[in-house]
Amino acid sequence: MISVIVYGRNDSHSGNLAKRAVLSLNCLAEPLTAPDDEIVFVDYNTPDALPTFVEANADILTPRARERLRVVRVRESEHRRLAAHRAVPVVEPVARNVGLRRSNPGNRWILNTNTDVAVLLRRPDAALAELLAGLPDGLYHLPRFEVPEAIWELADRTRPGAFLAELAEHGAALGLDTVVHGYAPAIFDYAGDFQLAPRRALFDIAGFDERMLLRGHCDPNLAARLAIAGFPARSLAEHLSVWHFSHHRGGAGGGGRPQNSEQVFIEDVTETVPPGQEDAWGLADLELEEIRVEAVAPPWRRLAAPTAGSVPRGGVYACPLPPRDALTYRPAEVA
């Protein structure tokens, strides 16, 4: 039914990342009940000596989250091909396109979001699968509601259902559900925290624009190109809400950093497919490592040697000791 695309890396981005992102992944997995539902986590440019973020935190992911998660790893060398002279650790449109390219082709919907949000059904008796089944094709946005650090940092990340119930009960009463509108072609501010669109439509426009190597405007660019393709953004706020875990304390602001051109990538957009991006988007020419963490391997299994000759795909992986001459983490399948 739906593939949820998120990305990240095993670092300490904005502070308290493990608490924030694990709580988010656990919450995102809660409404995923259809058999083919999945979360595709693109682990982008984690240092080779380290495991992916998901592997490093698998023990505090819920069983449902581990079952739904697929991790696709983009290594340092693959990132350097794209941004060798750029001072950016993550190229967002490439990371998102990697996940889109490798999402389940049987799923009708793609949700592009981030690992610091929770999505909440407005009616407690509603089901996400039923909502998506009856939804016409289109691009859907939600207003972003802010959850202060003082609230989410005290949540039990292993009990996402309870946290979602508390958001539903207390969020409005605390005045946290303030709608902030954005500017066309998006509807709401920070539209990137909820971009739901048909997989087919995203493939038709070749995903996100990979020329956007700097910060900002990736989401309105996507909305602009989908609007040209016949899918102007619409609101889904009657049925769902998206709650963002604020992390200003960790210095999340991007003030002073160079940004992608608003003129070039929003105002002057006239084509659905970015120039030169018809075929190779999403690192289509590379066979990337895929890691599953349906179960947590015993720690001693992490001493297993990597499989020689090829990187295994699927199954449960453990963290081997790196070779003496190259500190590179390679997953090894656990029998």
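**View A. Helix H10 and its buried residues.** In this predicted model, Cys218, Asp219, Pro220, Asn221, Leu222, Ala223, Ala224, Arg225 and Leu226 are the buried residues of H10. With nine of the eleven residues of helix H10 (residues 218-228) buried, the helix is largely enclosed by the rest of the structure. What do these buried residues pack against? Their partners are H5, strand E6 (139-141), strand E8 (195-198), helix H9 (199-204) and H11. Just after H10 comes Gly230, which has a positive phi near 100 degrees.

**View B. Helix H5, one of the packing partners of H10.** Here we turn to helix H5 (residues 92-101), which is mostly covered, as nine of its ten residues are buried. If you would like to find them, look for Glu92, Pro93, Val94, Ala95, Arg96, Asn97, Val98, Gly99 and Leu100.

**View C. Asn260 in its loop.** Asn260 sits in the loop between strand E10 (240-245) and helix H11 (262-267). Is this residue buried or exposed? Asn260 is buried, because its relative accessible area is 6%, below the 20% cut-off for a buried residue. A polar atom of the Asn260 side chain lies 3.0 Å from the backbone oxygen of Leu214. Beyond four places in sequence, Asn260 touches Met212, Leu213, Leu214, Arg215, Gly216, His217, Cys218 and Phe265.

**View D. Two nonpolar cores.** The largest nonpolar core has 38 residues, and Leu25, Ile39, Phe194, Leu196 and Leu240 have the most contacts inside it. Helix H1 (residues 17-29) gives the most to this core, contributing six residues. A second, separate core of 32 residues includes Ala201, Ile205, Met212 and Leu226. For a closer look at Leu196, leave aside its neighbours within four places in sequence: its contacts are then Ile2, Trp109, Ile110, Leu111, Leu132, Leu135, Gly138, Leu139, Tyr140 and Leu236.

**View E. A three-stranded open sheet with helices packed on it.** The strand order is E5-E10-E7, and the pairing is mixed. Strand E5 (117-121) and strand E7 (144-147) form the edges, each pairing on one side only. Neighbouring strands are turned by 30 degrees against each other on average, direction ignored. Five bridges join E5 and E10 in the antiparallel sense, and Val119 has Val242 in E10 as its bridge partner. H1 packs on the sheet and touches E5 and E10, its direction making about 25 degrees with that of E5. Helix H8 (residues 160-170) lies across E5, E7 and E10, and runs at about 70 degrees to E5.

How values were computed. Residues are numbered from 1 along each chain as its sequence is written. This is a predicted model: local features need pLDDT of at least 70, side-chain atom pairs count only at pLDDT 80 or more; totals for chains, interfaces and linings use all residues. Side-chain values use heavy atoms; hydrogens and water are left out. Helices (H or I, at least four residues) and strands (E, at least two) are DSSP runs, numbered from the N terminus. Buried means under 20% relative accessible area, exposed over 50%, partly exposed in between (1.4 Å probe, protein chains only). A polar contact is a pair of N or O atoms within 3.5 Å; within protein, one must be able to donate a hydrogen and the other to accept it, and residues adjacent in sequence count only if both atoms are side-chain atoms. Contact means heavy atoms within 4.5 Å. A nonpolar core is a set of buried Ala, Val, Leu, Ile, Met, Phe, Trp, Tyr and Cys residues joined through side-chain atoms within 4.5 Å. Two strands pair if DSSP finds at least two bridges between them. Axes are lines fitted to C-alpha atoms, for helices over the stretch in contact, and angles run from 0 to 180 degrees between N-to-C directions.
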